[in-house]
Amino acid sequence: NGSVYLIAESEVGFGNNNRIYAFRDISQLRENEQKRSEMLEFLSHDMRSPQVAIIGLAEGEGQRLSAKERFQRIVMQANRTLKLADDFVQIARLSARPVQLVELDLSAQVIEAADRFYYQAQKKKIALVQNVDEDPIFVMGDPAMLARMVDNLLSNAIKFSPDGSAIELTAGLFQDDPTKALLSVKDNGPGLPPERIEKPFARFGASSDTAGPSAGLGLTFVNEAVRQHQGEITVETHEGIGTTFSITLPLA
């Protein structure tokens with residue numbers, strides 16, 4: 001059943017034929033141990049990296065730069081730290097509280113997300129193409145959680161897509177199963193980095209600076225949000241072509 005057991009054997013009474021076997025479920029202990037290990041990795045690498053960069057820019061390394069460029073780089077690293085901290089807090093809240101499910105229109109969620117990121121996309125001349133059904137698509141979901149889930153995917157897509165490209169947002173009925181809704185975000189970026197292809201939703205997995213903080217914690221949040229909505233998520237990525245995240249959710 002996926003659980004991990006510690007088995008203890010001891011002899012009782014006389015002879016070697018009398019034994020007691022004790023089975024103790026240590027799955028939770030193993031899970032907590034794994035979380036602690038991931039936390040240490042997060043603190044020692046992901047959170048530490050931008051802080052080291054800021055110190056370097058404030059001291060010797062930054063002296064070679066103009067004051068304006070040095071300030072811009074410090075702000076960029078500070079924002080990176082803030083994004084990591086915010087994503088970590090959101091994941092902690094997601095794990096701690098139950099989802100508040102209400103009936104909502106998935107199409108409206110996608111349209112609103114496109115509106116929120118319109119100006120960010122315009123800065124890179126990226127077109128947000130919306131393939132949304134005209135009729136409402138009702139699912140049972142947590143509005144704030146679903147909004148952040150779509151925002152994380154769309155933010156990543158814009159961040160890594162080249163200037164002048166297009167991002168395709170889809171919301172409709174899932175053709176393979178009429179009882180489910182489909183939400184997908186497709187970009188024309190470089191594809192997921194090699195270290196993320198095998199485990200795209202691994203917690204604290206952004207071990208590459210080019211992957212960015214949102215490629216680690218942001219995708220972890222998306223995966224956990226989908227799981228709590230009893231949905232499924234798949235990833236299709238090709239180097240130099242792009243990445244598509246497809247999410248199916250049960251209809252209300």
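Me: Over which residues does pLDDT stay under 50?
Reply: Good place to begin, as this is a predicted model. Where pLDDT is low, the predicted coordinates should not be read in detail. The model does have 32 contacts beyond four places in sequence for the stretch in question, and the stretch where pLDDT stays under 50 is residues 205–215.

Me: Which strand of the protein chain has the highest confidence?
Reply: For the protein chain, the mean pLDDT is 80, and 79% of its residues reach 70 or more. Confidence is lowest in strand E1 (residues 5–11), at a mean of 63. It is highest, at 94, in strand E7 (residues 180–186).

Me: How many helices and strands does the protein chain have, and what share of its residues count as buried?
Reply: Happy to sketch the overall picture: the protein chain has eight helices and nine strands. Among its contacts with a separation of 6 or more, 67% are between residues 24 or more positions apart. Of the 252 residues, the share that count as buried is 39%.

Me: Which strands stand at the edges of the five-stranded open sheet?
Reply: The five strands come in the order E4-E6-E7-E9-E8, with mixed pairing. Two of them have a single partner strand each, so one side of each is left without a neighbour in the sheet; these are strand E4 (127–132) and strand E8 (232–238).

Me: In E7, which residue is the bridge partner of Gly172?
Reply: Strand E6 (residues 166–173) and E7 pair in the antiparallel sense, over six bridges. In E7, the partner of Gly172 is Leu182.

Me: Is Thr170 buried or exposed?
Reply: Thr170 sits in strand E6. Beyond its neighbours within four places in sequence, it is in contact with Asn131, Leu182, Leu183 and Ser184. Its relative accessible area is 18%, and the cut-off for that class is under 20%, so Thr170 is buried.

Me: Which residue in the turn between E8 and E9 has a positive phi?
Reply: E8 and E9 run antiparallel and are joined by seven bridges, with Glu236 opposite Thr244 in E9. The two strands form a hairpin with three residues between them, and the turn residue with a positive phi, about 75 degrees, is Gly240.

Me: Which two residues does Asn223 contact, leaving aside its neighbours within four places in sequence?
Reply: Asn223 lies in helix H8 (residues 217–228) and counts as partly exposed, at 29% relative accessibility. Asn223 and Ile247 are 24 residues apart in sequence, yet 9.5 Å apart in space, C-alpha to C-alpha. The contacts you ask about are with Phe201 and Ile233.

Me: What span should helix H6 have, at 1.5 Å a residue?
Reply: H6 (residues 143–160) has 18 residues. The expected span is 1.5 Å times one less than that number of residues. The end C-alpha atoms of H6 are 26 Å apart, which agrees with the expected value of 26 Å.

Me: Why is H6 described as largely enclosed, and what is the relative accessible area of Asp151 in it?
Reply: Of the 18 residues of H6, 13 are buried, so the helix is largely enclosed by the rest of the structure. Asp151 lies in this helix and touches Ala113, Arg116 and Phe117, not counting residues up to four places away in sequence. Asp151 is itself buried, with a relative accessible area of 18%.

Me: Which residues of strand E5 point to the buried face?
Reply: In a regular strand the side chains alternate between the two faces of the sheet. Along E5 (residues 138–141), Phe138 and Met140 point to one face and are not buried. The residues that point to the other face and are buried are Val139 and Gly141.

Me: Which residue stands opposite Val139 in E5?
Reply: Strand E3 (residues 102–105) and E5 run antiparallel, joined by four bridges. Opposite Val139 stands Leu104.

Me: What is the phi of Lys125, and what is the phi of Gln230?
Reply: Most residues other than glycine have a negative phi. Lys125, in the loop between helix H5 (118–123) and E4, is exposed, with a relative accessible area of 66%. Gln230, in the loop between H8 and E8, is exposed too, at 68%. Phi of Lys125 is positive, near 55 degrees, and phi of Gln230 is likewise positive, near 55 degrees.

Terms used: Residues are numbered from 1 along each chain as its sequence is written. Side-chain values use heavy atoms; hydrogens and water are left out. Buried means under 20% relative accessible area, exposed over 50%, partly exposed in between (1.4 Å probe, protein chains only). Contact means heavy atoms within 4.5 Å. pLDDT is the predictor's confidence in each residue, from 0 to 100. Two strands pair if DSSP finds at least two bridges between them.
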